[in-house]
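Colleague: I'm new to this one and would like a close look at a single part. Could you take me through the largest pocket and then whatever sits around it?

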Amino acid sequence: MPVNNSFYAIPAVWVVGMSSHWFAIYLTKASKAIPDFDNTDVRSFQAKIAAMDRKNPVVGKYVRAEAATANTYETLPLFACAVLAGAVARLPLESQHKFAFSYVALRAVYSLLYVNVTNQKLSGLRSVVWLTGVVSIFNQFIQAGKSFNQAY
């Protein structure tokens, strides 16, 4: 019996998102430029760091890492629904797997670009990677819709 591994991509995307947050926490421990991470009031701590001078490379990297995390969680529900739509519509497993694990890879690349790119020229590449991921989600919904409609 074939196995749909695309469901595993949902927690994988969550881990990718958390990885940039964990990196931000690491930055607070490894640098004297920002205070140690305060887990008792995370949102206030993040706001305090965001208010610091972003010309400091560590501060900027921290803020971008947290932004990459937030962006992942803004798209995660749509991605998870697209995975489920593909399964409900019984899209071919190969295409479901290709979609799901390509999206995981795109999110990893996006997060790396978000955290590390500081010039305007290369920031466009980050946007292209983000848009590619979103278009792949929409494509998954379109393919699921077509398949589902053909069944009725």
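Which elements each supply at least two residues of the lining of the largest pocket?

Modeller: α1, α2 (42-50) and α3 do, each giving at least two residues. Before going on, keep in mind that this is a predicted model, where local features need pLDDT of at least 70 and side-chain atom pairs count only at pLDDT 80 or more, while totals for chains, interfaces and linings use all residues. Residues are numbered from 1 along each chain as its sequence is written, and side-chain values use heavy atoms, with hydrogens and water left out.

Let's set the scene. The chain has five helices and zero strands (a helix is a DSSP run of H or I with at least four residues, a strand a run of E with at least two, numbered from the N terminus). Read from the N terminus, the order is simply α-α-α-α-α. Along the principal axes, the C-alpha atoms fill a box of roughly 60 × 35 × 20 Å. Of the 152 residues, 39% are buried (under 20% relative accessible area with a 1.4 Å probe, protein chains only; exposed is over 50%, partly exposed in between).

Now the pocket itself. It holds about 190 Å³ of space. Its lining is Met18, His21, Val42, Arg43, Gln46, Glu66, Thr69, Ala70 and Tyr73. The largest share, four residues, comes from α3. By character, that wall splits into four nonpolar, three polar and two charged residues (Ala, Val, Leu, Ile, Met, Phe, Trp, Tyr, Cys and Pro are nonpolar, Asp, Glu, Lys and Arg charged, the others, including Gly, polar). A pocket here is an open set of points on a 1 Å grid over the protein atoms alone, with protein on both sides within 12 Å along at least five of seven lines; in a cavity, a 1.4 Å probe fits but cannot get out, and lining residues have an atom within 4 Å of a point. Points join across faces, edges and corners, and volume is the space filled by probe spheres set on them.

Since α3 gives the pocket four residues, follow that helix along. Its 32 residues, 57-88, should span 46 Å at 1.5 Å a residue, and the end C-alpha atoms are indeed 46 Å apart, so the two agree (the expected span takes one less than the number of residues). Even so, there's a kink of about 35 degrees at Leu76, shortly before the proline Pro77 (the angle between axes fitted to the seven residues ending there and the seven starting there). Just after α3 comes Arg90, with a positive phi of about 55 degrees, and this is a residue other than glycine. Arg90 belongs to the loop between α3 and α4, and its 73% relative accessibility is why it counts as exposed.

Go back to α1, another contributor to the pocket. Thr28 is found in this helix, which covers residues 9-30. With 0% relative accessibility, Thr28 counts as buried. Its C-alpha atom is 12 Å from that of Gly60, although 32 residues separate the two along the chain.

Finally, there's a closed space to compare. The structure has one cavity of 30 Å³ or more, and the largest cavity has a volume of about 40 Å³. Around the largest cavity sit Tyr103, Leu106, Arg107, Tyr110, Val129, Trp130, Gly133 and Val134. Here α4 (93-116) and α5 (120-150) are the elements giving two or more residues. That lining divides into six nonpolar, one polar and one charged.
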